[in-house]
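Visitor: Hey, got a minute to walk me through this one? I'd like to start with the surface and work inwards.
Guide: Sure, let's put it up.

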Amino acid sequence: MGMDFVFQINSSWASRDVLDSVESACAILHDADKTFSLYKPESFLSRLRDGVVTTHEAPLEFRNIYAECEAWKQNTNGWFDAINHQKFFDPSGIVKTWAAKRAALYLESNGINDFTLNAGGDIYLSSALEPSWLWRVGLSNLNPVASAKAGNNMILNLEGTPYRGVATSGSTEKGDHIWAKGKLTKDHEVLQVTVVSEDLVVADIWATAVYAGGLSALKTLVDFERDQEIKTLVLITFRDGRLVSTPGFATVLANV
């Protein structure tokens with residue numbers, strides 16, 4: 001997928017069985033890459049883009065992701081849309097965290113529940129983290145990670161909350177790569193969006209949608225949250241320096 005995935009596991013788990021489980025979790029990530037990567041010409045999605053295969057040959061997980069993208073397009077009032085500005089199906093806004101969540105759930109199903117997963121900057125927290133500082137998640141200060149000025153502008157403390165996923169969308173690392181209503185965002189008024197949720201995929205979807213749609217998409221999220229009884233927290237950083245958040249966001253800021 002063109003980015004690093006990092007598992008951080010409590011040292012007390014460092015056994016051969018645990019390492020084998022991590023290797024199997026990584027295999028889940030590699031399988032997703034083989035299907036959905038647009039960086040690899042041999043992936044199914046790349047071959048579909050190049051006209052080598054058709055949707056009739058699509059594997060089951062491809063069809064499931066396509067259907068899920070369509071559902072989220074409806075849920076976000078079109079602000080999340082996997083049909084990109086080039087009119088091609090590009091589910092990048094969901095498959096990274098979808099694969100990360102599957103890998104994390106695999107570890108938990110094998111009794112490993114004391115780890116974090118950093119999926120290219122999006123964070124999954126397992127259920128029994130020790131020590132407590134592992135529940136802290138830093139948010140970028142809007143400088144690329146390769147910059148000497150890179151660092152955190154605030155830190156979240158999710159210990160004792162239901163929140164397990166943190167996802168961020170923006171232009172700091174990859175430039176203008178997100179599209180809104182069929183057009184690639186450029187000189188966008190929104191610079192970065194962070195969403196905290198009980199579910200990593202939900203966080204990722206809404207981070208992308210709110211980045212694309214700004215305050216209009218945030219209103220859609222608030223309405224959706226009310227109807228679906230989901231819990232999310234949102235922080236929007238605008239290019240002019242404004243910060244806008246949902247009311248509960250301040251409750252998870254760490255006292256540093």
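Guide: Accessible areas here come from the Shrake-Rupley method with a 1.4 Å probe. One thing to keep in mind is that this is a predicted model.

Visitor: Okay, how much area does the protein expose?
Guide: About 12,700 Å², with carbon and sulfur atoms supplying 51% of it.

Visitor: And what percentage of the residues count as buried?
Guide: That's 46% of the 256 residues.

Visitor: How many helices and strands are there?
Guide: You've got 5 helices and 11 strands. Take the contacts between residues at least 6 apart in sequence: 60% of them join residues at least 24 apart.

Visitor: Let's go inside. Which residues touch the most other members of the largest nonpolar core?
Guide: F7, I94 and W206, in a core of 56 residues. Elements giving two or more residues to this core include α1 (16-36), α4 (92-109), β2 (115-119) and α5 (200-228). Helix α5 has the largest share, at 15 residues.

Visitor: Back to F7, what is it in contact with, beyond its neighbours within four places in sequence?
Guide: Quite a list: V22, A25, C26, L29, A103, L107, F115, T116 and L117.

Visitor: Pick A25 from that. Where does A25 lie?
Guide: In helix α1. A25 counts as buried because its relative accessibility is 0%, and the cut-off for buried is under 20%.

Visitor: How far apart are A25 and F7?
Guide: In sequence, 18 residues; in space, 9.8 Å from C-alpha to C-alpha. Setting aside neighbours within four places, A25 also has A103, Y106 and L107 as contacts, along with F7.

Visitor: Changing topic: how many cavities of 30 Å³ or more does a search of the whole structure find?
Guide: Just 1. The volume of the largest cavity is about 40 Å³.

Visitor: Which residues line the largest cavity?
Guide: L139, S140, N153, Q192, V193, T194, L235 and T237 line it. Strands β4 (136-140), β9 and β10 each give two or more residues to that lining, and β9 gives the most, with 3.

Visitor: What's the make-up of that lining by class?
Guide: The largest cavity has 3 nonpolar and 5 polar residues in its lining, and no charged ones.

How values were computed. Residues are numbered from 1 along each chain as its sequence is written. This is a predicted model: local features need pLDDT of at least 70, side-chain atom pairs count only at pLDDT 80 or more; totals for chains, interfaces and linings use all residues. Side-chain values use heavy atoms; hydrogens and water are left out. A nonpolar core is a set of buried Ala, Val, Leu, Ile, Met, Phe, Trp, Tyr and Cys residues joined through side-chain atoms within 4.5 Å. Buried means under 20% relative accessible area, exposed over 50%, partly exposed in between (1.4 Å probe, protein chains only). Helices (H or I, at least four residues) and strands (E, at least two) are DSSP runs, numbered from the N terminus. Contact means heavy atoms within 4.5 Å. On a 1 Å grid over the protein atoms alone, a cavity is a set of points where a 1.4 Å probe fits but cannot get out, and a pocket is an open set with protein on both sides within 12 Å along at least five of seven lines; lining residues have an atom within 4 Å of a point. Grid points are joined across faces, edges and corners, and a volume is the space filled by probe spheres set on the points. Ala, Val, Leu, Ile, Met, Phe, Trp, Tyr, Cys and Pro count as nonpolar, Asp, Glu, Lys and Arg as charged, and the others, Gly among them, as polar.
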